Amino acid sequence: MQLPLKNAAFQTDVLPDRREASQPPERALGRVIACDGSRATILSAVSTGNWLAGDAWTIGRMVSINLGSSRIVALVYKLHAVEPAWSESEENPIQVEVEFLGEVLESADGRMRFQSGISTFPPIGAIAHRIRSGDLALVHDLGDRSGVEIGHVTQDASIPATVSVQDMLSRHFALVGTTGVGKSSAVALLLRRAVSVRPRLRVLILDPHNEYSSAFPDLALTIDGDSLDLPFWMFRQEELAEVVFRGRAVLDDEPDILREVVAAARARYRMPGNGQELARDLGSSLLKRPLDLGVSRQPADATQAGTVDASTPYRLKDAFAVIDEMIGLHELRWPRHALRSLKVRLESLHADPRYRFMFGRANMYETVAPILAQVFRIPMHGRPITAFQLGGLPGEVVNAVASVLSRLAFDLASASQGAYEILVLCEEAHRYVPSDTALGFAPTRQALARIAKEGRKYGAYLGIVTQRPGELDPTILSQCSTVFAMRLANERDQQIIRSAISDASASTINFLSSIGNREAIAFGEGVATTMRMRFAELKPHELPAMGARGGDVAGRLEPTLDDMVRRMRA
Ligand SMILES: Nc1ncnc2c1ncn2[C@@H]1O[C@H](COP(=O)(O)OP(=O)(O)OP(=O)(O)O)[C@@H](O)[C@H]1O
Ligand SMILES: [Mg+2]
């Protein structure tokens, strides 16, 4: 084999002209010796003197293959010495395996630009070398799209990593990575950047660890179990059933009874004088009224009815009265013990201080408007983000609350006819939309899937964060057109991301198990090209921190014993 090759042998008249003053005088050079449709092998040499050079061949670096008027950009994914031996005095030949990413070419207006994919394959013998900074910047340039800076490219800290907020949001995004790699911090950074360039954007963070209020002392309103009002009457049938029946075996009839009771109570609320006095005046003739209202059995798919219903209030005491009337009926429609147990269950929820957010002040509200104003920041008052602390809520209501909120987000965005853009940021998304369809809560899954599938048209967007992409519903992940993949240790999780990445840079994904904290491989619509990047460093007061309370910048106040007991009960 003809072996290389003193670097001097490659000094063509092209290269020195294009060399920038800042670049090292010696450039690692090689020649293409093999090529297939997407990859090439480069033969080069390393000597004892230059193995540590700044431009040495290393995995994960981009290199450039010179075609005269254009340059192919390729990524090093494998390296090995031609001989399994090392000579101290001679240059040691090595083979560098690269994958093509795209091409830097001159466009019609005379400017150089990068395009994904290649139009000309490199001939055998083409010269390869470390990519120029200018080309690297072109590779990561968003072109005509406006972008925000979120960090820098790993290969060259002088090149900003930019993302198009428009494309990232409107086609949804996901952020995945194993625990502690910096996902939540990256979310805080992305949201900061997003709201700074999208004044109409509102963000609702479903925050299971109560960590985001500390990240946005200036930009977010925190809603926790104490400040939250989500009246029970805003819950759709399935959502309410989830709250009412969770944690104990459900008798077959119970959801149907609940549906009928709620429909009757709602009908009473809508009656003139709200039904109360009327019922007393008319005496027992009205007792059968709930059953005569044509609401006795709604279709199993009550989606439509639920949407309409859930926007009008009803009273719990009407519901209790309806149950009592049902118990007293001569011809029983439902078993008495089932009716009684439903009443007991509703009464105990009503009395439980942990459920005050649903039952405590529910009938102070006549419409959903004040609730929407609180949750979705209308008016915004300079704080476009809502950190919704799910961590303090009883475990069995978290799913139902997430469902109500995501549903409202979609409905509000669509009703605003483009005036509001709403991003629902879902931490620990695998809990709500697990890959196993038997798990999770169907209405939450539906509400999030609806945003993912149709939200774009209405200005409702989804941001998904998970440590376990393998446990996340693949259809939701596939709707996320921009993905930030941080370190993933698990082979299955890596496989999921590998299959999600469609362009030629599949080799990049091989690094997923070894990239550092704060680093990510970003790919998809929101970025110019698949890029390995490092998120910018956040200041301490911009970092998410668990246990922080809203507005508490230091975020580390010792909680009171009462607080801790309350949290433990939750
Ligand atoms: N961009 C950043 N700037 C400054 N510090 C960071 C950044 N990213 C991560 N860190 C540091 O790393 C720690 C862990 O980050 P973070 O909580 O974001 O990880 P995570 O992936 O969300 O973890 P978990 O899986 O437990 O939720 C942070 O507390 C912070 O100290
Ligand atoms: Mg986190």
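Reader: How accessible is R450, as relative accessibility?
Author: In this predicted model, R450 counts as partly exposed. That class lies between buried, under 20%, and exposed, over 50%. The relative accessibility of R450 is 31%.

Reader: Which residue forms a salt bridge with R450?
Author: The closest N and O atoms of the pair are 3.1 Å apart. A salt bridge needs them within 4 Å. The partner of R450 is D411.

Reader: How many residues apart in sequence are the parts that R450 and D411 tie together?
Author: R450 sits in helix α16, residues 442–458. D411 sits in helix α14, residues 395–415. The pair therefore ties together parts whose separation in sequence is 39 residues.

Reader: What is the relative accessibility of D411?
Author: Like R450 at 31%, D411 counts as partly exposed. Its relative accessibility is 23%.

Reader: Which residues do salt bridges with shared partners join into one network?
Author: The structure holds 23 salt bridges. Some share partners, and these join residues into one network. Its members are R192, D218 and E542.

Reader: Is D229 buried or exposed?
Author: The relative accessible area of D229 is 7%. Buried means under 20%. D229 is therefore below the cut-off and counts as buried.

Reader: How far apart are the closest N and O atoms of D229 and R361?
Author: R361 is partly exposed, at 26% relative accessible area. D229 is buried. The two form a salt bridge, and their closest N and O atoms are separated by 2.7 Å.

Reader: Over how many residues of sequence do R171 and E525 tie parts together?
Author: Their side chains meet in a salt bridge at 3.8 Å, N to O. R171 lies in the loop between α3 (165–170) and β10 (173–176). E525 lies in the loop between β17 (519–524) and β18 (531–535). The pair therefore ties together parts whose sequence separation is 354 residues.

Reader: Which residue offers a polar backbone atom to a nitrogen atom of ligand 1?
Author: Side chains serve the oxygen contacts: polar side-chain atoms of K183 and S184 each lie 2.8 Å from an oxygen atom of ligand 1. The nitrogen atom is 2.9 Å from a polar backbone atom, and that atom belongs to L538.

Reader: How much of the accessible area of ligand 1 does the protein cover?
Author: On its own, ligand 1 has 630 Å² of accessible area. The share covered by the protein is 73%.

Reader: How many charged residues does the shell around ligand 1 have?
Author: Ligand 1 is surrounded by 14 residues, with K183, S184, S185, A536 and L538 the closest. By class, 4 are nonpolar and 7 polar. The charged residues number 3.

Note on methods: Residues numbered from 1 in each chain as written. Chains lettered and ligands numbered in written order. Predicted model: local features only at pLDDT ≥ 70, side-chain atom pairs only at ≥ 80, totals over all residues. Heavy atoms only, no water. Helix = DSSP H or I, 4+ residues; strand = E, 2+ residues; numbered from the N terminus. Buried < 20%, exposed > 50% of the residue type's maximum accessible area, 1.4 Å probe, protein only. Near = heavy atom within 4 Å. Polar contact = N/O pair within 3.5 Å; in protein donor to acceptor, adjacent residues only side chain to side chain. Areas by Shrake-Rupley, 256 points an atom, 1.4 Å probe, with all protein chains shown as cover. Nonpolar A, V, L, I, M, F, W, Y, C, P; charged D, E, K, R; others polar.
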